[in-house]
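Biologist: I should like to understand how this protein chain is arranged. May we go through the structure together?

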Amino acid sequence: MASNSEAISDDSAIGGSKLQLYSFFRSSCSWRVRIALHLKGLKYEYKAVNLLKGEQFSPEFSKLNPLSYVPVLVDGDIVISDSFAIILYLEEKYPENPLLPSDIQKRAINFQAANIVSSSIQPFQNYAALNYIEEKVNANETFVWVQYHIGKGFAALEKLLKGYAGRYATGDQVFLADLFLAPQIYAAMTRFRVDMSDFPLLCRLNDAYNELPAFCASIPEMQPDFQKL
């Protein structure tokens, strides 16, 4: 795999535990975890996995995650894959700067919004899905496929968050939903050229995210393995 870099200069995390994040700069799933780590002030070692070169299928990485997906978080002897599981693990182990509201209803809305992104949008735009469509159907259909699923998910999110959004998705504090929304909105706007005119709430949230240091530090262009594609 590619050479590793420190995402933050000191490689020891809060509490003395060394965290390693296996990540690909463009992966929205990895990006969610990067935001969580920055919001919680956790220092970590960035372990680059180049998905375009197939490094996720290497024997070394397959031992960490047999599904061959990023991200993977290594915390000492603990290995966790899947962004949702990683973020909830971080939330429990490092409760400072909480990512879930205390209000049970807002908490449920955060889970619902995050699940819309993670189960009803992102899987339809990952490399495995797009490569399959290009191979089995037609390369010209990939954007149509992705734009349809993003549009469907974004329409649901606009309706869901209408009664809860403040400066951020569920109020004036950043919570779990925002970690999932920010990378997805970015990908829709910059990579998949989705017409955002029907999603004013999401556009407003995107503007707010762009002002947050933790979010800005987590964008693809700021990662050590970034490359123009």
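The following questions and answers concern cysteines, strands and the core.

Modeller: This is a predicted model, in which local features need pLDDT of at least 70 and side-chain atom pairs count only at pLDDT 80 or more, while totals for chains, interfaces and linings use all residues. Residues are numbered from 1 along each chain as its sequence is written, and side-chain values use heavy atoms, with hydrogens and water left out.

Biologist: How many disulfides does a search of the whole structure find?

Modeller: A disulfide is a pair of cysteine sulfur atoms within 2.5 Å. For Cys203, the closest cysteine sulfur belongs to Cys216 and lies 17 Å away, so this pair is too far apart for a bond. Over the whole structure, the number of disulfides found is zero.

Biologist: Is Cys29 buried or exposed?

Modeller: Buried means under 20% relative accessible area, exposed over 50%, and partly exposed in between (1.4 Å probe, protein chains only). Cys203, at 22% relative accessibility, counts as partly exposed. Cys29 has a relative accessible area of 13% and is therefore buried.

Biologist: In strand 5, which residue is the bridge partner of Leu73?

Modeller: Helices (H or I, at least four residues) and strands (E, at least two) are DSSP runs, numbered from the N terminus. Two strands pair if DSSP finds at least two bridges between them. Strand 4 and strand 5 (residues 78–81) pair in the antiparallel sense over four bridges. In strand 5, the partner of Leu73 is Ile80.

Biologist: Which residues of strand 4 are buried on the side opposite Val72 and Val74?

Modeller: In a regular strand, side chains alternate between the two faces of the sheet. Strand 4 (residues 72–75) is covered on both faces, with Val72 and Val74 buried on one side. On the other side, the buried residues are Leu73 and Asp75.

Biologist: What is the relative accessibility of Ser30?

Modeller: Ser30 lies in helix 1 (residues 28–39). Not counting residues up to four places away in sequence, Ser30 touches (heavy atoms within 4.5 Å) several residues, including Leu21, Tyr22 and Pro71. Ser30 counts as buried because its relative accessibility is 0%.

Biologist: Which helix gives the most to the largest nonpolar core?

Modeller: A nonpolar core is a set of buried Ala, Val, Leu, Ile, Met, Phe, Trp, Tyr and Cys residues joined through side-chain atoms within 4.5 Å. The largest such core has 68 residues, and Leu202 is among those with the most contacts inside it. The helix that gives the most to this core, with nine residues, is helix 7 (residues 176–190).
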